[in-house]
Amino acid sequence: MGTKRLFDVVVALALLIVFLPVLAVLGVLIRVNMGRPVLFRQTRPGLYGVPFDMVKFRSMRDAHDRDGNPLAVAERLTPLGSRLRPLSLDELPQLWSVLKGDMSLVGPRPLPMKYIERY
């Protein structure tokens, strides 16, 4: 195991342990305020473009216009989500992806799969 990977595992595990109560409270708050699902999953390209499911806490409603297009972010963002995002608390579940090796704490954030053709 390389130094960077060892760093990722140790720090992600420590942060998950420290933030476990926060993760639990946020999960309950999201469930009560927005219902299911509590987590937002999106396929992103990992190392060498290998896809993985990135997981975050849900911060928006799944709302669409009459034509089936998603509403603007400002219209879908919930009051709870607007509090989570500036503090990046919605991204705490990504520590699990770091622990699994799908992501790293250091490096670029994986973009949605639709952008992989540009790289």
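From the N terminus on, the elements of the chain follow the order α-β-β-α-α-α, which amounts to 4 helices and 2 strands. The model described here is a predicted one. Along its principal axes, the C-alpha trace of the chain spans about 50 × 40 × 20 Å, and of the 119 residues in the chain, 31% are buried.

The element at the start of this order is helix H1, which covers residues 3–34. Although H1 has 32 residues, its end C-alpha atoms are only 40 Å apart, whereas a straight helix would reach 46 Å at 1.5 Å a residue. Helix H1 also shows a bend of about 60° at Phe19, and a proline, Pro21, follows within four residues of that position. Buried positions occur along H1 on both sides of Phe19 in the numbering: Asp8, Val9, Ala12 and Leu16 are among them, as are Leu23, Leu26, Gly27, Ile30 and Met34.

Two features of the backbone lie in loops. In the loop between H1 and S1 is found Pro37, which is joined to Arg36 by a cis peptide bond with an omega of about -5°. In the loop between helix H3 (79–84) and H4 is found Ser88, a residue that has a positive phi of about 60° although it is not a glycine. Both features can be set against a general background, in that most residues other than glycine have a negative phi and most peptide bonds are trans. Ser88 counts as partly exposed because its relative accessibility is 38%, a value that falls between the limits of 20% for buried and 50% for exposed residues.

The structure holds 3 salt bridges. In one of them, Asp90 pairs with Lys56, and the closest N and O atoms are 3.6 Å apart. This pair links distant parts of the chain, since Asp90 lies in the loop between H3 and H4 while Lys56 lies in strand S2, 34 residues apart. Both partners, Asp90 and Lys56, are buried. Lys56 also meets the side chain of Glu91 in a salt bridge, with an N to O distance of 3.9 Å. Here too the pair links distant parts of the chain, with Lys56 in strand S2 and Glu91 in the loop between H3 and H4, 35 residues apart. Lys56, Asp90 and Glu91 are thus linked in a network of salt bridges. Within this network, Lys56 counts as buried because its relative accessibility is 11%, whereas Glu91, with a relative accessible area of 25%, is partly exposed. A further salt bridge is formed between Asp102 and Lys100, whose closest N and O atoms are 3.4 Å apart. Asp102 is partly exposed, with a relative accessible area of 25%, and Lys100 is likewise partly exposed, with a relative accessible area of 48%.

Asp102 appears again in the description of the pockets. The largest pocket has a volume of about 840 Å³. This pocket is lined by 32 residues, of which the closest to its centre are Asp102, Met103, Ser104, Pro108 and Pro110. At least two residues of the lining of the largest pocket are supplied by each of helix H1, strand S2 (51–57) and helix H4 (94–100). Sorted by class, the lining of the largest pocket comprises 19 nonpolar, 7 polar and 6 charged residues.

The second largest pocket has a volume of about 370 Å³. Of the 18 residues that line this pocket, Phe40, Ser59, Met60, Arg76 and Arg85 are the closest to its centre. Strand S1 (39–45) and strand S2 each supply at least two residues of the lining of the second largest pocket, and S1 gives the most, with 4 residues. By class, the lining of the second largest pocket consists of 6 nonpolar, 3 polar and 9 charged residues. Strand S2 therefore recurs in several parts of this description: S2 supplies residues to the lining of the largest pocket and of the second largest pocket, and Lys56, which is linked with Asp90 and Glu91 in the network of salt bridges, lies in strand S2.

Key. Residues numbered from 1 in each chain as written. Predicted model: local features only at pLDDT ≥ 70, side-chain atom pairs only at ≥ 80, totals over all residues. Heavy atoms only, no water. 1 Å grid on protein atoms, 1.4 Å probe; cavity = no way out; pocket = protein on both sides within 12 Å on 5 of 7 lines; lining within 4 Å. Points joined across faces, edges and corners; volume = space filled by probe spheres on them. Nonpolar A, V, L, I, M, F, W, Y, C, P; charged D, E, K, R; others polar. Buried < 20%, exposed > 50% of the residue type's maximum accessible area, 1.4 Å probe, protein only. Salt bridge = Lys/Arg side-chain N within 4 Å of Asp/Glu carboxyl O. Expected span 1.5 Å × (residues − 1). Bend = angle between axes of the 7 residues up to and from the residue.
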